[in-house]
Amino acid sequence: MYLFDRAGRLDVLWTGGGSDHGFAGLGAYHRVCSVAVTADLDPAALLKNVDVKAVWEAQFDATRWGSGALERKEIADLLAREAEERAVPLAAFRADCKAQLVQFVRENLLPDDGPVAVRCGLSTVGYEVEVGGVKFWSMLDASPAGALELVQKSGKTLTVEQAGVLAALDATKPALAAAARAITRRRPGWLLEVLTWFRQETVVDGLKNHLPPTGFRHPDGRRWSIEAMQIQTWPEKARVTISIVDADGDRFDRSRDLPTFDEAKREREKLIAEVVAEGFVPA
């Protein structure tokens with residue numbers, strides 16, 4: 001939606017996936033950019049460049065997340081599992097991914113050309129992530145989920161299919177390649193998910209009614225953990241998830257849904273009491 005205001009500026013507003021908002025609900029729009037309109041401005045040139053200006057003038061929210069907390073948690077859990085399978089601490093795995101992502105960007109774009117805007121699929125909120133001195137801006141954008149576009153202020157761009165770079169990443173950026181391959185088993189694109197994972201280090205991404213995994217270990221080498229959380233569906237329900245690692249290192253996950261979070265908490269307490277009676281101790 002294009003809106004001219006009394007100050008002589010053109011505001012470009014976006015409804016978020018084609019939502020039908022009345023004019024009275026203008027607050028529901030996302031302001032993509034605001035451009036000064038002068039008498040000598042060529043309208044064709046303005047509209048031609050409005051997408052580029054949107055990248056650099058969008059208003060980013062540094063404190064909140066969009067919808068999809070459970071989906072983000074699913075990816076974070078997946079990457080934690082990948083670090084575990086690689087036998088490296090999660091913090092070290094994430095640090096390697098960050099360094100290799102910056103290296104990938106520097107190899108493909110002008111190294112001293114300022115911020116990088118990342119446009120890669122539909123995100124529910126525009127936000128900024130800084131990695132190794134490079135600022136990545138995710139956009140409220142409806143581009144294909146598997147496409148990756150890195151844009152710099154000079155106009156230099158890199159557009160690739162995200163799956164298409166995996167073979168090249170394998171050789172020189174193994175941590176980033178491992179994270180990307182783990183994600184693409186669940187999602188068509190991986191870069192926005194990786195950036196989201198980085199952002200979760202500094203911006204709280206809370207779940208409603210959530211008891212994080214609590215781990216226990218048995219003297220024979222077995223490991224057991226349990227997690228309880230409310231599922232964001234309608235009607236809402238809760239889920240208890242148990243993860244078991246046997247003495248040989250094989251992992252098994254089991255989940256059970258319950259009508260309420262209170263019932264999930266009671267189930268969690270009962271199961272913890274059972275494993276403690278079997279000889280498990282807090283990990």
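**Close-up views of a predicted model**

**View 1. Strand 9 meets strand 13.** In this predicted model, strand 9 (residues 210–217) and strand 13 pair up antiparallel, with 2 bridges between them. Look for Phe216, whose bridge partner in strand 13 is Pro282.

**View 2. The open sheet from edge to edge.** Here we've got 5 strands in the order 12-11-10-9-13, paired antiparallel. Strand 12 (251–258) and strand 13 (281–282) are the edge strands, so to speak the two margins, and each one pairs on one side only.

**View 3. Helices on the sheet.** Helix 2 packs on the sheet and touches strand 9, strand 10 (223–231) and strand 12, with its direction at about 165° to that of strand 10. Helix 7 (residues 261–277) lies across strand 9, strand 10, strand 11 (237–245) and strand 12, and it runs at about 175° to strand 10.

**View 4. The hairpin of strand 11 and strand 12.** These two strands run antiparallel and are joined by 8 bridges. Pick out Thr241, which stands opposite Ser255 in strand 12. Between the strands of this hairpin there are 5 residues, and Gly249 takes a positive phi near 95°.

**View 5. Gly66 in its loop.** Gly66 sits in the loop between helix 1 (43–57) and helix 2 (69–85). Its relative accessible area is 15%, so Gly66 counts as buried, the cut-off being under 20%. Tyr127 is also worth finding here: Gly66 and Tyr127 are 61 residues apart in sequence, and their C-alpha atoms are 9.7 Å apart in space.

Conventions. Residues numbered from 1 in each chain as written. Predicted model: local features only at pLDDT ≥ 70, side-chain atom pairs only at ≥ 80, totals over all residues. Heavy atoms only, no water. Helix = DSSP H or I, 4+ residues; strand = E, 2+ residues; numbered from the N terminus. Buried < 20%, exposed > 50% of the residue type's maximum accessible area, 1.4 Å probe, protein only. Pairing = 2+ DSSP bridges. Contact = heavy atoms within 4.5 Å. Axes fitted to C-alpha atoms, helices over the stretch in contact; angles between N-to-C directions.
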